[in-house]
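Colleague: Could you take me closely through a single part of this model, the largest pocket, and then through what surrounds it? I would like the cut-offs stated as you go.

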Amino acid sequence: DRMKTATLPPVRIEPAFRREAEEVLQPGETLTQLVESAVRTAVMARKSQAELLRRGIQAIEKTRLDATGIPAEQVIAALEARLAAARPSRAR
């Protein structure tokens, strides 16, 4: 049982941009294949970004509920102390 295919909406572009796209096609590649590849790449990137955001929010919420977080002021103070300690050694 084969799944039917669907089409993406047509995209209007400037003729010069179409020529640029055609100039970068791989041997044997069609403009349609390039567009499909670009859309797939964008979809995967957005899914990864959404998953990263979801996991980050989940981690923040867990830290908040577990009360295991470190106040931002404390983290910044520690980083500033490390930076100050490193400055004299860099000057040498």
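Modeller: What follows is a description of the largest pocket, and then of the patch, salt bridges and loop residue that go with it.

This is a predicted model, in which local features need pLDDT of at least 70 and side-chain atom pairs count only at pLDDT 80 or more, while totals for chains, interfaces and linings use all residues. Residues are numbered from 1 along each chain as its sequence is written, and side-chain values use heavy atoms, with hydrogens and water left out.

The largest pocket holds about 790 Å³ of space. A pocket here is an open set of points, on a 1 Å grid over the protein atoms alone, where a 1.4 Å probe fits and where protein lies on both sides within 12 Å along at least five of seven lines; lining residues have an atom within 4 Å of a point. Grid points are joined across faces, edges and corners, and the volume is the space filled by probe spheres set on the points.

The lining consists of 22 residues, and those nearest the centre of the pocket are Leu8, Val11, Thr32, Val35 and Glu36. Helix 1 (15-23) and helix 2 (31-66) each contribute at least two residues to this lining, helices being DSSP runs of H or I with at least four residues, numbered from the N terminus. Helix 2 provides the largest share, 10 residues. By class, the lining has 15 nonpolar, three polar and four charged residues, where Ala, Val, Leu, Ile, Met, Phe, Trp, Tyr, Cys and Pro count as nonpolar, Asp, Glu, Lys and Arg as charged, and the others, Gly among them, as polar.

Two of the residues named at the centre, Leu8 and Val35, also belong to a nonpolar surface patch of about 300 Å², which they make with Val39 and Val43. Such a patch is made of residues with over 30% relative accessible area and no salt bridge, nonpolar side chains (Val, Leu, Ile, Met, Phe, Trp, Tyr) being joined within 5 Å; the areas come from the Shrake-Rupley method with a 1.4 Å probe. Val35, found in helix 2, has a relative accessible area of 41% and is therefore partly exposed, a class that lies between buried (under 20%) and exposed (over 50%).

Glu36, also among the residues nearest the centre, forms a salt bridge with Arg40, with the closest N and O atoms 2.8 Å apart; a salt bridge is a side-chain nitrogen of Lys or Arg within 4 Å of a carboxyl oxygen of Asp or Glu. Both residues lie in helix 2, four residues apart, about one turn of the helix. Glu36 is partly exposed at 36%, whereas Arg40 is exposed at 53%.

By this rule there are five salt bridges. Another of them joins Glu51 and Arg54, at 2.7 Å from N to O, within helix 2 and three residues apart; Glu51 is partly exposed at 33%, and so is Arg54 at 42%. In helix 1, Glu22 and Arg18 lie four residues apart and form a salt bridge whose closest N and O atoms are 2.8 Å apart. Glu22 is partly exposed at 36%, and Arg18 is partly exposed at 44%.

Gly28 has its place in the loop between helix 1 and helix 2 and is exposed, with a relative accessible area of 75%. From Gly28 to Phe17 the separation is 11 residues in sequence and 20 Å in space, C-alpha to C-alpha.

Definitions and conventions
Patches are made of residues with over 30% relative accessible area and no salt bridge: like charges are joined within 9 Å, nonpolar side chains (Val, Leu, Ile, Met, Phe, Trp, Tyr) within 5 Å. Buried means under 20% relative accessible area, exposed over 50%, partly exposed in between (1.4 Å probe, protein chains only).
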